[in-house]
Amino acid sequence: MPIATPEVYAEMLDQAKSSEFAYPAINVTSSETLNAALRGFAEAESDGIIQVSTGGAEFASGTKVKDMVTGATALAEYAHVVAAKYPVNIALHTDHCPKDKLDGFVRPLIQISQERVDRGENPLFQSHMWDGSAIELHENLQIASELLDTAAKAKIILELEVGVVGGEEDGVANDINEKLYTAAGDYEHTVDALGAGEKGRYLLAATFGNVHGVYKPGNVKLRPEILKQGQDVAAQKLGLPAGSKPFDLVFHGGSGSLLEEIHEALSYGVVKMNIDTDTQYAFTRPIAEHMFKNYDGVLKIDGEVGNKKVYDPRSYLKAAEQAMAARVAHGCETLKSAGRMLAG
């Protein structure tokens with residue numbers, strides 16, 4: 001199927017919230033990892049989200065070019081071609097973008113989508129993330145309001161972060177402290193600034209102890225009830241019935257989370273969960289095994305010629321793609337999106 005239209009993406013998110021499941025959002029950095037994500041979603045019979053970070057986009061443009069917009073555009077255009085061969089709906093998203101990279105990443109990409117929409121086409125990306133967690137909340141929401149306006153005109157959904165995800169990702173490091181938990185007042189300020197969808201749809205990455213990086217199960221101290229509190233605060237402010245879930249929530253930094261914590265978060269309105277650390281390892285693990293097992297073949301040792309069949313990148317990248325796809329499919333099972341594709 002083609003990349004999800006704005007209408008299909010909205011339907012995906014609505015279905016996820018009403019049925020209490022979430023879509024894995026898989027970070028990719030290359031055509032190989034993008035193919036792995038597509039395969040994983042298809043094998044799980046799940047629609048899904050494929051995303052690229054600022055660092056991933058720069059890497060995808062090549063080590064000589066090192067341009068985020070070029071890399072992101074290239075991956076998106078590739079996805080638009082290849083995804084059409086798969087039976088699932090895929091939305092394209094850009095991950096964490098701090099203030100100092102907005103003009104070199106998100107704003108130019110929104111402009112590209114606006115030009116496409118003006119021609120009667122669909123946007124290049126279906127959503128973009130603005131990460132203002134490193135700045136004061138008022139400024140964060142002021143910038144979010146401006147971005148929401150331009151994104152909505154281009155038929156794009158905005159994601160923003162209120163609170164702080166700890167740990168390190170793409171060179172952005174945050175301390176692990178009380179800011180890992182979004183305060184009740186922060187939810188109120190978000191509604192005041194961005195509304196409840198009438199100004200444009202947005203996803204909210206509220207924080208409840210999330211930490212980027214590698215952690216053993218149980219080491220991340222999550223408090224999913226923070227999400228319920230936020231939904232309750234917003235519902236009351238908007239005059240909605242008790243138990244309403246006005247926010248479309250996003251779960252960042254989930255490596256090492258317990259299954260029951262993940263499922264509790266889904267029940268509070270999480271519709272998207274980022275997965276990067278685990279899929280990186282799944283992709284790299286079979287490559288390492290290949291190199292160890294074929295050491296004499298991948299290296300030309302002592303004047304020998306090596307073995308072309310094992311140093312051909314296809315020989316190990318195929319295994320990497322399949323292993324990462326399996327991890328993506330596992331993520332779909334964990335988040336309960338498996339078997340729920342709209343086309344099914």
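Here are some exercises with worked solutions on the predicted model above.

**Exercise 1. Get a feel for the whole chain.**
Work out how many helices and strands the protein chain has, and how its radius of gyration fits its length.

*Solution.*
- Step 1: Start with the parts list. You should find 13 helices and 10 strands.
- Step 2: Now take the radius of gyration, which is 20 Å for the protein chain. The globule rule gives 20 Å for 344 residues, so the chain is as compact as a globular protein of that length.
- Step 3: Put a box around the C-alpha atoms, along the principal axes. The box comes out at roughly 75 × 50 × 40 Å.
- Step 4: Check what is hidden. Of the 344 residues, 53% count as buried.
- Step 5: Look at who touches whom. Take the contacts between residues at least 6 apart in sequence: 74% of these join residues at least 24 apart.

**Exercise 2. Trace the barrel.**
Find which strands make up the closed barrel, and in what order they run.

*Solution.*
- Step 1: Go around the ring of strands. The closed barrel has eight of them, in the order β1-β2-β3-β4-β5-β8-β9-β10, and the pairing is parallel.
- Step 2: Add the twist, which averages 25° from one strand to the next.
- Step 3: Zoom in on the start of that order. Strand β1 (residues 23-27) runs parallel to β2, and three bridges join them. Here Asn-27 stands opposite Gln-51 in β2.
- Step 4: Move along to strand β3 (residues 90-94) and strand β4 (residues 127-130). They pair in the parallel sense over two bridges, and Thr-94 stands opposite His-128 in β4.

**Exercise 3. Follow one strand to its neighbours.**
Decide whether strand β8 (residues 202-206) is enclosed or open, and say which strands it is joined to.

*Solution.*
- Step 1: Count the buried residues, using the cut-off of under 20% relative accessible area. Five of the five residues of β8 are buried, so the strand is largely enclosed by the rest of the structure.
- Step 2: Sort them by face. Tyr-202, Leu-204 and Ala-206 are on one side, Leu-203 and Ala-205 are on the other, and all are buried.
- Step 3: Find the partners. Five bridges join β5 to β8, and two bridges join β8 to β9. Both pairs run parallel.
- Step 4: Pick out Leu-203, which turns up in both pairings. Glu-159 stands opposite Leu-203 on one side of the story, and Leu-203 stands opposite Asp-248 in β9 on the other.
- Step 5: Try your method on β2. Five of its five residues are buried too, with Gly-48, Ile-50 and Val-52 on one side and Ile-49 and Gln-51 on the other.

**Exercise 4. Hunt for aromatic rings.**
How many aromatic pairs are in the whole structure, and what is the geometry of Phe-21 and Tyr-23?

*Solution.*
- Step 1: Search everything. You get four aromatic pairs.
- Step 2: Take Phe-21 and Tyr-23. Their ring centres are 5.3 Å apart and their planes are at 80°. Planes over 60 degrees apart count as edge-to-face, so this pair is edge-to-face.
- Step 3: Check whether the two residues are covered. Phe-21 is buried at 0% relative accessible area, and Tyr-23 is buried at 1%.
- Step 4: Look for a bigger group. Tyr-187, Tyr-202 and Phe-247 are linked into a cluster by ring pairs. You've met Tyr-202 already, on one face of β8.
- Step 5: Don't forget charges. The charged end of Arg-223 sits over the ring of Tyr-181, 5.0 Å from its centre.

**Exercise 5. Visit the loops.**
Where do Glu-45, Lys-155 and Gly-253 lie, and is each buried or partly exposed?

*Solution.*
- Step 1: Glu-45 is in the loop between α2 (31-44) and β2 (48-52). Glu-45 has a positive phi of about 55°, although it is not a glycine, and at 44% relative accessibility it is partly exposed.
- Step 2: Lys-155 is in the loop between α6 (137-153) and β5 (157-162). Its phi is positive as well, near 65°, and Lys-155 is partly exposed at 43%.
- Step 3: Gly-253 is in the loop between β9 (248-251) and α9 (259-267). With a relative accessible area of 8%, Gly-253 is buried.
- Step 4: Finish with a distance. Gly-253 and Gly-230 are 23 residues apart in sequence and 19 Å apart in space, C-alpha to C-alpha.

Methods: Residues are numbered from 1 along each chain as its sequence is written. This is a predicted model: local features need pLDDT of at least 70, side-chain atom pairs count only at pLDDT 80 or more; totals for chains, interfaces and linings use all residues. Side-chain values use heavy atoms; hydrogens and water are left out. Rings of Phe, Tyr and Trp (its six-membered ring) pair if their centres lie within 6.5 Å; planes under 30 degrees apart count as stacked, over 60 as edge-to-face and the rest as tilted. Buried means under 20% relative accessible area, exposed over 50%, partly exposed in between (1.4 Å probe, protein chains only). A charge sits over a ring if NZ of Lys or CZ of Arg is within 6 Å of the ring centre and within 35 degrees of the ring normal. Two strands pair if DSSP finds at least two bridges between them. Helices (H or I, at least four residues) and strands (E, at least two) are DSSP runs, numbered from the N terminus. Axes are lines fitted to C-alpha atoms, for helices over the stretch in contact, and angles run from 0 to 180 degrees between N-to-C directions. The radius of gyration is taken over C-alpha atoms; the globule rule is 2.2 Å times the number of residues to the power 0.38. Contact means heavy atoms within 4.5 Å.
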